[in-house]
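Open the model in your viewer and keep the selection panel at hand. Each stop below gives a selection and then what is there.

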Amino acid sequence: MKIDIVSIFPDIFDVLDVSLMGKATASQLLDLSITNLRDHATGVHKSVDDTPYGGGAGMVMSPEVWGNALDPLVTPGSVLIVPTPAGALFTQETATELAQAEHLVFACGRYEGIDQRVVEHYSEDTTVMELSVGDYVLNGGEVAVLVMLEAIVRLMPGFMGNPESLSEESHESGLLEYPSFTKPRHWRGLDVPEVLLSGNHEAIRQWRHEQSLARTKAMRPDLLAD
Ligand code: ADE
């Protein structure tokens with residue numbers, strides 16, 4: 001998969017070298033390029049933003065600068081992702097869908113966001129997704145992109161050593177994952193649940209399902225309503 005990220009803070013993405021992503025880049029599953037948006041700014045001040053039409057606080061990122069940066073990267077086969085708190089919620093389902101893509105381009109906005117015509121323009125020939133990682137506001141899209149990438153890349157075909165471990169985790173079945181235990185059997189007065197030592201696979205499966213349901217009901221009742 002080819003991944004392009006455009007940002008005014010390209011150094012934020014240095015962390016990708018040390019995480020799971022470094023492994024994917026080294027194994028050539030991923031071809032990752034970071035573009036500094038400011039390299040595409042014109043004018044003496046290399047400014048990337050301007051005051052909003054209609055008034056209001058903050059600055060809006062210029063469509064001209066974004067157009068200069070994105071034109072060489074975006075093709076009709078790309079998926080252009082614009083992280084924004086005003087986007088659709090990024091979920092495990094979104095991650096699964098994006099893990100199949102050939103080329104993702106992430107456009108990281110700062111300030112009050114990117115002039116909306118950028119999304120409108122690229123939507124004419126390309127799939128464009130405005131995505132939020134949760135109901136809170138970050139200072140910019142960069143950390144949201146790190147979150148999305150970590151969720152997407154581990155689902156890419158060929159990335160996980162044991163793909164079975166993916167099918168049992170939280171959100172894959174619409175439920176939260178059951179609790180896990182390892183050795184020792186007794187720790188600080190707390191014991192591993194008996195059923196997990198029983199060797200009875202059906203009883204273990206049943207217990208884990210009940211735990212998943214109970215945990216989802218307690219922590220995320222909204223998921224059960226779905
Ligand atoms: N940029 C700022 N806040 C964000 C959020 N919650 N999700 C995605 N991008 C963002």
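**Stop 1: the main core**

Select Leu-104. Outside its neighbours within four places in sequence, Leu-104 is in contact with Met-1, Lys-2, Ile-3, Asp-4, Val-79, Ile-81, Leu-98 and Ile-152. This is a predicted model, so read every distance and angle on the tour as computed.

Now add Phe-106 and Ile-152. With Leu-104, they touch the most other members of the largest nonpolar core, which has 33 residues. Colour by element next. Those that give two or more residues to this core are β1 (2–7), α1 (20–26), β5, α3 (92–98), β6 (103–107), β7 and α5 (142–153). Which element gives the largest share of this core? Select α5: eight residues of the core come from there.

**Stop 2: a second core and helix α2**

Select Val-65, Ala-69, Val-118 and Val-119. They are among the 21 residues of a second, separate core.

Stay with Val-65 and show helix α2, residues 63–70. Val-65, Trp-66, Gly-67, Ala-69 and Leu-70 are buried in this helix. What covers them? The cover over the buried residues of α2 includes β1, β4 (60–61), β5, β6 and α4 (117–123).

Zoom to the start of α2. Here a side-chain oxygen of Ser-62 comes within 3.1 Å of the backbone nitrogen of Glu-64.

**Stop 3: the ligand**

Select the ligand and show the residues around it. They are Pro-83, Thr-84, Pro-85, Leu-131, Ser-132, Val-133, Gly-134, Tyr-136, Val-137, Leu-138, Gly-140 and Ala-144. Colour this shell by class: eight residues are nonpolar, four are polar and none is charged.

Turn on distances. Three pairs are worth labelling:

- A polar backbone atom of Tyr-136 is 2.8 Å from a nitrogen atom of the ligand.
- For Thr-84, a polar backbone atom lies 3.1 Å from a ligand nitrogen.
- For Gly-134, the distance from a polar backbone atom to a ligand nitrogen is 3.2 Å.

How much of the ligand does the protein bury? Taken alone, the ligand exposes 260 Å², and the protein buries 96% of that. Show the strands next. β5 (79–89) and β7 (127–132) are the elements that give two or more residues to the shell. The largest share, three residues, comes from β5. You have met both strands before: β5 and β7 also each give two or more residues to the largest nonpolar core.

**Stop 4: Thr-35 in β2**

Select Thr-35, in strand β2 (residues 31–36). Is Thr-35 buried or exposed? Its relative accessible area is 15%, so Thr-35 counts as buried. Leaving aside neighbours within four places in sequence, show its contacts: Ile-5, Val-6, Ser-7, His-40 and Leu-73.

**Stop 5: backbone angles**

Most residues other than glycine have a negative phi, and most peptide bonds are trans. The next three selections depart from that.

Select Lys-46, in the loop between β2 and β3 (49–50). Phi of Lys-46 is positive, near 55 degrees. Lys-46 counts as partly exposed because its relative accessibility is 37%.

Go to Arg-188, in the loop between β8 and β9 (190–191). Arg-188 is not a glycine, yet its phi is positive, about 50 degrees. Arg-188 has 72% relative accessibility and therefore counts as exposed.

Select Lys-183 and Pro-184. The peptide bond that joins them is cis, with omega about 5 degrees. Pro-184 lies in the loop between α6 (164–167) and β8 (186–187).

**Stop 6: Tyr-178**

Stay in the loop between α6 and β8, and select Tyr-178. Tyr-178 is at 12% relative accessible area, so this residue is buried. Not counting residues up to four places away in sequence, Tyr-178 touches Glu-168, Arg-208, Gln-211, Ser-212 and Arg-215.

Now draw a C-alpha distance from Tyr-178 to Gln-116. The two are 62 residues apart in sequence and 42 Å apart in space.

**Stop 7: Pro-221**

Finish at Pro-221, in helix α8 (residues 221–225). Its relative accessibility is 48%, so Pro-221 counts as partly exposed. Draw one more C-alpha distance, to Leu-175. Pro-221 and Leu-175 are 46 residues apart along the chain, and their C-alpha atoms are separated by 9.9 Å.

Conventions:
Residues are numbered from 1 along each chain as its sequence is written. This is a predicted model: local features need pLDDT of at least 70, side-chain atom pairs count only at pLDDT 80 or more; totals for chains, interfaces and linings use all residues. Side-chain values use heavy atoms; hydrogens and water are left out. Helices (H or I, at least four residues) and strands (E, at least two) are DSSP runs, numbered from the N terminus. Buried means under 20% relative accessible area, exposed over 50%, partly exposed in between (1.4 Å probe, protein chains only). A residue is near a molecule or strand if one of its heavy atoms lies within 4 Å of it. A polar contact is a pair of N or O atoms within 3.5 Å; within protein, one must be able to donate a hydrogen and the other to accept it, and residues adjacent in sequence count only if both atoms are side-chain atoms. Accessible areas come from the Shrake-Rupley method with a 1.4 Å probe; for residues, only the protein chains shown count as cover. Ala, Val, Leu, Ile, Met, Phe, Trp, Tyr, Cys and Pro count as nonpolar, Asp, Glu, Lys and Arg as charged, and the others, Gly among them, as polar. A nonpolar core is a set of buried Ala, Val, Leu, Ile, Met, Phe, Trp, Tyr and Cys residues joined through side-chain atoms within 4.5 Å. Contact means heavy atoms within 4.5 Å.
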